[in-house]
Each structure stands twice: as C-alpha cells, then as structure tokens.
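Here is a short round of questions and answers on how labels are earned in a structure. Each answer sets a value against its definition.

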Amino acid sequence: MLSSPLVRVLSLSLLPLITMSADTPAYLDPSLPVEQRLDDLLPRLTMAEKIALVHADSKFSTAGVPRLGIPKLWLSDGPHGVREEIGPDTWDPAGRTDDFSTWLPVSMALASTWSEELAEAYGGVIAAEARQRGKVIMLGPGVNILRTPLNGRTFEYLGEDPWLASRLAVADIRGIQAGQVAACVKHFAVNNQETERMSINTEVDERTLRELYLPAFEAAVKEAGVLSVMGAYNRFRGQFCCHNDYLLNRVLKGEWGFTGLVVSDWDGVHDTREAVFNGLDLEMGTSNRAYDEFYLARPFREGIERGEFPQALLDDKVRRNLRVLFTTGAVDGRKPGAINTPAHQAVARRVANEAIVLLKNEGAALPLDLTRIQRIAVIGDNATRLQARGGWSSEIKAFYEVSLLQGLLARVGPHADITFSQGYQPPQRRRSGAADGAGVVAMESAAAAEAREAEALIERAVEAARAADVAIVVGGLNHDTHQDTEGSDRLGLELPYGQAELIARVTAANPRTIVVLAAGAPVAMDPWLEKVPAVVQAWYAGMEGGHAIAGVLFGDVNPSGKLPCTFPRRLSDSPAHASGAARQFPGENGTVHYDEGLLVGYRWFDTKGIEPLFPFGHGLSYTSYAYSALKIVPAADSPAALEVECQVTNTGARAGAETVQVYVHDRVAAVARPEQELRGFAKVRLAAGETQVLRIPLSPRALAYYDEAGRRWVAEAGDFEIRVGASSRDIRLRAEHRLAVTTVVP
Ligand code: BGC
C-alpha cells in the first residue's frame, strides 16, 4: 500500500540525513568546510556525471549525482513567490494541488516600501515556501533599472535608482539565503526592454554601466553573497549576456570575486564555445533540443575529449553548481519549510500596506469616513480582476487573492451599500465570453460593436457614480500582452481600454471620485488628474492586496509608500524617448543605444528641469512631517564617507512612517554629473507628535563617480550640497560639505 502523504513527506526530508561513520567520505561530512567537501567530491565524479551537472535535465532541474547521494538541483521562479509546478518538459501546468503558494506584492510594490526590513521578511517567506516545495534556487530578485516606463517587466524590478534597488535586493537576498535557499539575481545585465528581447544588442558607455546598471548586481554579490546570477537574454556590446566574457569573466567573477553559479536565462545560450569560455556555469531552457544536445551537454563533452576545451573549465563549472547544493544544505538536508502560513500572509499584508502610494489627496478626500457615507460605487475591471496568475514567469498560483471589491466589502460590512460597475472591458475578457450586456447586433462590425459596448459600460458606471456618495474607480493596467508582462513592451504611457474617458465622465458625474491604479509601471494621467481629488497607486499588491487598499482608503493604514520611479507627464518627457529616435528605443538594426547615458529617471528630469507628473520618492501621508537640525558628520573609516543626521517630527494627529531621502549634488566636477543622486534613506515610524533623530550613513561611493580612464571610483575634492527631503522634488534641508582631498574609494 502507498504510504500516506505525511509519511512520504517525512521520509523524504529525512533521506539526506546520512549517518556518519569512519567510512563516510569527507564530502558527506557537514562539519567540514564546503570547499574541503568539494575537493573531496570532485575527483569521485565521472565525466558523464560532471557534464550532467552543468545543464538541465528538465525545465527546472539538473540531474544531481544519485550514485553519490548528490540530489537534483531544483530551480523555480520567481521574485514574488514560488511558481506553479509545470510538466518536466513543457510549460503547461502540472495540474497539481499542492503548489498554491503565497503571492507577495510585486517587486515594484516592494520597492515602494523603501523598507529593508520588509524586503528581508519577503525573502524569508520565499525561502520557507521554496524549502517546502523542494526548491534550491529561487529565480529572483530582478534588479534591472527602469530605463523606460514601457518595459513590460517593469513590475518585476525595483525601480529606477541603483541605490534603492541595491538596498532592497541585498535585504531580499539575505532573507532568502538565511532560509537555506539560493537567490538568483537577474537579469545580468542591461536587460531593460522586452522588444526583441532574445537578440537585442545593448550599447552603453562604461561609466553609465558602472553607475546605473551594475550596482544592484555588485551589491548582491559583494554585500549579500548571492549564490547565483542569471545571465540576460540580450547582447551586450555584441556578445550574448549568458556567455559574455566582459560581464561574466572580467567583471562578475574577476573584479567582484563571485564564486557562485552563473545560470543562463531559459533559452539564452547560443554557442558551445562561448558558453564554455565566457563564464556560463549552467545551461537552462534551451528550446528545440534534447537535454543531451544542449550546448553544455554532448557538444561540451566531445570538445573536451577532442582537446578543444580545457577540463579545468568543466571542473570549475561543476564546483560552482555543487557549491550551491552544499552551501544551502541541500545535500545534508534542510530545515522543514512551510507554505501559506498566517505568518506569510501577514508579511504579504505588511508589504502591501507600506507599498501603496498616495499620489494625490486634495481637500483630504481620503481617508473615507464611513459615518458619512451610505453608498459607494466601485467601478472598473481591476476591482475584480485577479492578477496573481499573469505576467509569465513571475506569476503565482495564489492560495487566495483578495480583490479590491472583496476587500472593500469586508471592510465596509453593513455600514454602507456597495455597487459594482464594470466600467471598461479588456478585449480578452470580452472574447472569452464574459457577459457584455450591451445588446451587440451581429451585423455590426467588430469595431462598432466594441465602441457601443464601451459606451454602454461607461454610461452605466456614470449612473452608478451619480447615485453614490463616493465613486472609486479601480483601473490601471493588467498582465495582458503589451502591458505589465514579460515578452512584450507597452505601446504607450496611456491607460488602456478607454479608461481616461471613463474617469473623466465618472468624475463629472460625481466629483467625489477616488482613482485606484493597479499597475506595475507609471501611467499617464492627463487630462483627468486635475479633476480627481485623490489617486492611489496600488501596484499589484499581492494576495492580501484588497484588504490593504481598503485599509488605506478608510484610514486604518496611514499610507507610507514612496515612488521608486518617476511618473512622466508624457512619454516624450522621459529620457529614452525624448529624442524620438528608434536607436534609443526600441533599437535600430538590432541595437539599442543608451544615448541618454547617466540621465535615467529623476537624474534626467532634474538635470533637464522637466516637471514630472509625480517625482521619484513622492508619496503622501494622512499626517505631516517636519524636518530639522541637519548635520553632516564625517565618518571615521574613509574621508569620503559621511553620516547625515537630522530630526523628523510627526506634526499631525496620526501615527505614520516617513522615508527620509538623502540626495547628493556635486557643485563642480571634472565630469558631467546628474543634478542630484539618491545616496541614502531611512524609514522612520513616528507616533503623533513624536520626534526622532536619524543618522543615515552614506557609503564612500556617495560622493564618487566612476572614472572610466582609471577604471575606479573617485570622490573628487570640492564642494557638495547634501539635500534631505521627502521626495526628489521636496527637499526640506540642505547643507554644504567640502571634501578636502580627492579620494579613490572601493
Ligand atoms: C525569464 C526569466 C525566468 C525564466 C524561467 C525567462 O523567460 O526571462 O526571468 O526566470 O524564464 O521561467
């Protein structure tokens, strides 16, 4: 008879616990250092066993070495939780019932919390669920810098600033790896668009590469000790990133001393010779080939046998693969995992609470007061749309997902009537047969029918809004093609499906209209923004999202999220699009040129004096904060390092959390520098009336730029202005700082 599931789980987890005896080989002795164990294991492996370790044997695993008790290496997406199981050789779902997991708010939401503490807890949830599901490597976090708001994967990344992205990535990775799971920071590097994603070549100058696009990876390696790195699909300076000599051998493994595993993106490998020599350690997902025909399978083995490839390169790759299995404890047996626990759901909720950004709140339209409201009209597809299972590799088969409508119903209870009106209809739902109720006549053309349907939906929404005390329009984007998704970029900044008209007409019918945006990227808000008193950026807020947003709308939660990216007024205001030249986006003849250089995000808007719709770092609160007593304290360890001290007082009537941001402005420099750059931040929780003194350390690189000729970081002697603010455009305190001597910093 088959054993019960419980018995099977126990016996599986006990399997690797090997009883030690005098004959136990050194590689199986957990008390020995990992490197010593690897030294012992390597010579025991046959050529075939070694080759099996450096390429996939299913969509998400490698073979292990069963003969020697080395388990398979299981990998899984992704950044927002542990992905659904798929078949071994297909992308189709495996149809299991034990792979529902916690859906955490998406990475952009995490970035909006500006909270390292939450990022670490987030990583902890991923690790516990990964262990429960038997995963050794989790494919995240994604840290590519937001260069264009059109990038379909913006929602999977951590915004436009390298310092913010670095801090959150480091904390997330620490959380994951403290839980005996390897993180895999991705996609290395300059992977900033989905258009022509499998082939586009990126040309970017060295200083921009070092100052913007590499720091989050560098911090992941040097500070968090990330155990694996995923190569990107695109090319960099002509060579594919998954086997790019400069990025992988020279920078990652050479300069940064990375001893972990370089994993290819799925189907990102194109050539055996380059894969062998240019730093790749594990080939995954190559399409249309049997596993044994992968570039790092039979062709690699035969190349070694013919003497074309040195054996030492195979041994190095094998060692790096095994290092992950040993360091995580996967060989010895890891502690038990857990999935969908109340504690995990609580983390999802806390992150969502702190991720929601209150963009606008005129006349204290929010929070809503239930003692004065009898009827609420909820309007819009995103009020009911479930978002977890969308966007491709980062999607999650969520254990549950609280939609905003559900969250509102739960919060409001019997205290007010809620009506729901669809408002707008994304075409895919229409095609899938959802009721349109608009009486479409079969003779009409599809376009005319669509227009009639759209008009009917708006009219009904307007009626609902007119009859209500307050209207809440829940719109934004979704994970359909050309929206927030892998595989395609957005086609424009505008809200899709006629939402701008819907919002304008609903607002005209009921000026008390609140707009809630579920979207993973900036959207344009002209011309309706000025008519709407309040706008809430909710991102995709995870499985507890509906509760969290309702909490913000009714004031149970005081919003504290701040934008991790600039919201431009129009696409042509933003750096990659200002010239309108195809060479800058989406590329010309297969190459995209980052001609804007360092001026990405607020660095562009501030240097060029362009007014954003909402600036980087912006986010309102139901209370207010006063900043005072700025002091710059030189740090002891390096002449270029500083500490910024200031006081923050909660001057309102509610408790809240404020993210204090430190920007550095270089007054005179030998090279062109952006107007200002974020170099530190701290999130502080304050009771009403409370004051706290903050000390924010700035790293030695805070004053520095990357000196291309010298290939080093230089803090140049001279005058700097240190700016402390509530956003990049709301600077509250300024102080002068003079660096006496030019200093080369690490
Ligand atoms: C994505 C990666 C992902 C991998 C595995 C690729 O298409 O670019 O981010 O981890 O698939 O699903």
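The questions below deal with one loop residue and with the ligand.

This is a predicted model, where local features need pLDDT of at least 70, side-chain atom pairs count only at pLDDT 80 or more, and totals for chains, interfaces and linings use all residues. Residues are numbered from 1 along each chain as its sequence is written, and side-chain values use heavy atoms, with hydrogens and water left out.

Q: Why is Asp267 called partly exposed?
A: Its relative accessibility is 21%. Buried means under 20%, exposed over 50%, and partly exposed in between (1.4 Å probe, protein chains only). Asp267 therefore counts as partly exposed.

Q: Where does Asp267 lie?
A: In the loop between strand E9 (261–263) and helix H10 (272–277). Helices (H or I, at least four residues) and strands (E, at least two) are DSSP runs, numbered from the N terminus.

Q: Which residues is Asp267 in contact with, leaving aside neighbours within four places in sequence?
A: Met198, Tyr233, Met284, Gly285, Thr286 and Ser287. Contact means heavy atoms within 4.5 Å.

Q: What makes the Tyr233 approach to the ligand a polar contact?
A: A polar side-chain atom of Tyr233 lies 2.8 Å from a ligand oxygen atom. A polar contact is a pair of N or O atoms within 3.5 Å. Glu486 also qualifies, with a polar side-chain atom 2.6 Å from an oxygen atom of the ligand. For Arg83 the value is 3.3 Å.

Q: How much of the ligand does the protein bury?
A: Taken alone, the ligand exposes 310 Å², and the protein buries 97% of that. The areas come from the Shrake-Rupley method with a 1.4 Å probe.

Terms used. Polar contact = N/O pair within 3.5 Å; in protein donor to acceptor, adjacent residues only side chain to side chain.
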